[in-house]
Amino acid sequence: MCLQDADMSGHPSSSDSSRGRSSFEASYDSSFGRKNREETASASIFRSSALNIAMSSEDGQASKLPTPGENIQSKRHSYEIIKMLGKGGFGAVYQVKRGKDEEMFAMKCETNDVKKAVLTMDCKVLRGANIIQSPHFCTVQDRGKISDRFRFLIMKLVGRNLWDLRMERDSQSFTLSTSLKCAEQSLMSIEDLHRIGFLHRDIKPGNFAIGCQNSKEYHTIFMLDFGLCRKFIGDNLNKDLRMPRTTAPFRGTTRYAAIAALRQMEQSRKDDIEAWLYMVVEWTSAALPWRKLKGADKEEVLRWKEDVRSGDALEDFLTDCPKREFQTIMTYLDTLAYQSIPDYNYLYYCLHHAMKANSIDPHEPLDWDPEHKYHGPTKLDRDKRMDPKMDAKLKDEANAGEVGHGK
C-alpha cells in the first residue's frame, strides 16, 4: 500500500490501571513477578523492501541498475547477477552468485542519487542486530559501489515471506500452532529491533520471511525492510527517548498501522507491537474486518480499529483466534504511552498461555514443513542470549557513532 498522510486525531488513553485484572493476568503476576510495565528495562526475500522504495524518474534510474548476467565487483569479491527479485523507483534486489565459491546471496542496490539512503539505515540496523546476535536479521556479507551508478549490500538469501506462505494455503490462514510460533518469533525480532534502539514502523507479513528451504534456518523468521525505521532514543544509547513530534507524517501500511500512526502521532514501541497484533490476527483468522479498505481509507480503518476494542466488533475481529489471550494483549497495549517500555515477557506469557490452553505441542511441525519437527528459535533461546555484555558493546558502538541516528 502507498504511504499517504492521515488526518490528525486525539490521543488514546495510556494509563496503566490494575483494576479489574483477571485470574489469567494474576497468574502471570504470581508466576513471573509482574514488574511495573511502564518502567521495565528493556520465493522473494526483499520484495516488499524493493517495492517500498519511493518512485523517482524510474526509467533513468533503471538504466543505472545491474542486469542479469552482469558481474559486480566489490573490494573483496565478484558477484554475478542471476535474476531480479524485486524493483522500486531507485533500487532493486537481486539474487547473485559469488564467483569464488558460487554461493548464492541477495544483493540490495540503490542508485547513487537517491534523496534518502535506505541502505545506510539497513547497515545501521543490521550492525546492531549482529552485535546482540539476533537470529532474526540477515547478515551483511559485503558491500560496495559502482561509480555513478549504484551502491549495494550483499546479504544472506532467505526464502518466502509470511504473506505468500499464508495466501498459498486453501484456508488462507495458518494452523493455530504455526500462527503462535510465528507470532513468538516475529515478536522476538521486534523486541531485538527495539533493544538496539529502532522502531520498524511498517510491521506486516510481507516484511517477514523464512530461511531457505535447504538450510538449517528453514524454521527461522527474519525481519526485512528497514527503510521506514526510526531511532527512538537519543544520539546514543545512554540518552533518554527522543522528544515526540507534535505531529508526524504517516509511515507504514494502512491495514496494519497502529491507531497512533493513523492519527499522525509519533510512533513508539507499543505501535510496532499493535501492528504485530493485527498481523497475527490476520494470519490466524484468515482476514481482518477492514481487509477490503484501501490504503487511502485511513479514517475508516481507524474507526474499525477503535471499534474492535469491545462488543460485537471485538468478537468478529478475533474470530478463530485465542480470544482470551489476544484480547488481553490488546487491552494491555492500550494502557501504554509513548514513553512506555513494553513488558515483552508478559506478551510471550500470553502466547504461551494460548499454546497451553489449546494443547499445542511445542515441537509440532510448521505448515510449510509438515515432515519435520519444529526447530526454530524460541523464547528460551532468546533468554539465553540476553547478555548484558552485548548491551554494553552496543552502547559503546552507538556512542562511537557506529549504530547511528535514523530520521
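Biologist: Is D320 buried or exposed in this model?
Modeller: This is a predicted model, and D320 lies in the loop between α10 and α11. Its relative accessibility is 59%. Exposed means over 50%, so D320 counts as exposed.

Biologist: What is phi of D320?
Modeller: D320 is a residue other than glycine, yet its phi is positive. The value is near 65 degrees.

Biologist: Which residue in the loop between β5 and β6 has a positive phi although it is not a glycine?
Modeller: The loop in question runs between β5 (140-146) and β6 (150-155). The residue there has a phi of about 65 degrees, and it is exposed, with a relative accessible area of 65%. That residue is D148.

Biologist: Let's move on to C321. Is C321 buried or exposed?
Modeller: C321 sits in the loop between α10 (311-317) and α11. Its relative accessibility is 10%. Buried means under 20%, so C321 counts as buried.

Biologist: Which residues does C321 touch, leaving aside those up to four places away in sequence?
Modeller: One pointer is V280, which is 41 residues away along the chain, with its C-alpha atom 9.3 Å from that of C321. The residues that C321 touches are V281, T284, S285 and F326.

Biologist: How do α8 and α11 run, roughly parallel or roughly antiparallel?
Modeller: Two packed helices are described by the angle between their axes and the distance between the axes. Helix α8 (residues 269-285) and helix α11 (residues 323-333) have axes 10 Å apart, at an angle of about 160 degrees. Angles over 145 degrees count as roughly antiparallel, so α8 and α11 are roughly antiparallel.

Biologist: How many residues of the contact of α8 with α11 are nonpolar?
Modeller: From α8 come K270, I273, E274, W276, L277, V280, V281 and T284, and from α11 come F326, I329, M330 and L333. Of these residues, 1 is polar and 2 are charged. The nonpolar ones number 9.

Biologist: What is the handedness of the crossing of α6 and α8, left-handed or right-handed?
Modeller: Helix α6 (residues 176-195) and α8 cross at roughly 165 degrees, and their axes come within 10 Å. That makes α6 roughly antiparallel to α8. The crossing of α8 and α11 is left-handed, while that of α6 and α8 is right-handed.

Biologist: How many residues are polar in the contact of α6 with α8?
Modeller: On the α6 side are L176, S179, C182, A183, S186, L187, I190 and H194, and they meet R269, D272, I273, W276, M279, V280, W283 and T284 of α8. This contact has 10 nonpolar and 2 charged residues. Its polar residues number 4.

Biologist: How far apart are the axes of α11 and α12?
Modeller: Helix α12 (residues 344-357) packs against α11 at an angle of about 170 degrees. That makes α11 roughly antiparallel to α12. Their axes are 9 Å apart.

Biologist: Which residues of α12 meet α11?
Modeller: The α11 side offers R324, E325, F326, T328, I329 and Y332. Across the whole contact there are 9 nonpolar, 2 polar and 2 charged residues. The α12 residues are Y346, L347, C350, L351, H353, A354 and A357.

Biologist: Finally, which residue does the UniProt annotation "binding site" cover?
Modeller: The annotation comes from an unreviewed entry. The residue lies in strand β4 (residues 104-111), and it is buried, with a relative accessible area of 3%. The residue is K108.

Note on methods
Residues numbered from 1 in each chain as written. Predicted model: local features only at pLDDT ≥ 70, side-chain atom pairs only at ≥ 80, totals over all residues. Heavy atoms only, no water. Axes fitted to C-alpha atoms, helices over the stretch in contact; angles between N-to-C directions. Helix = DSSP H or I, 4+ residues; strand = E, 2+ residues; numbered from the N terminus. Parallel < 35°, antiparallel > 145°, perpendicular 65-115°, else oblique. Left-handed = near helix turned anticlockwise from the far one by under 90°. Contact = heavy atoms within 4.5 Å. Nonpolar A, V, L, I, M, F, W, Y, C, P; charged D, E, K, R; others polar. UniProt positions renumbered as here; feature names shortened; annotations may be inferred. Buried < 20%, exposed > 50% of the residue type's maximum accessible area, 1.4 Å probe, protein only.
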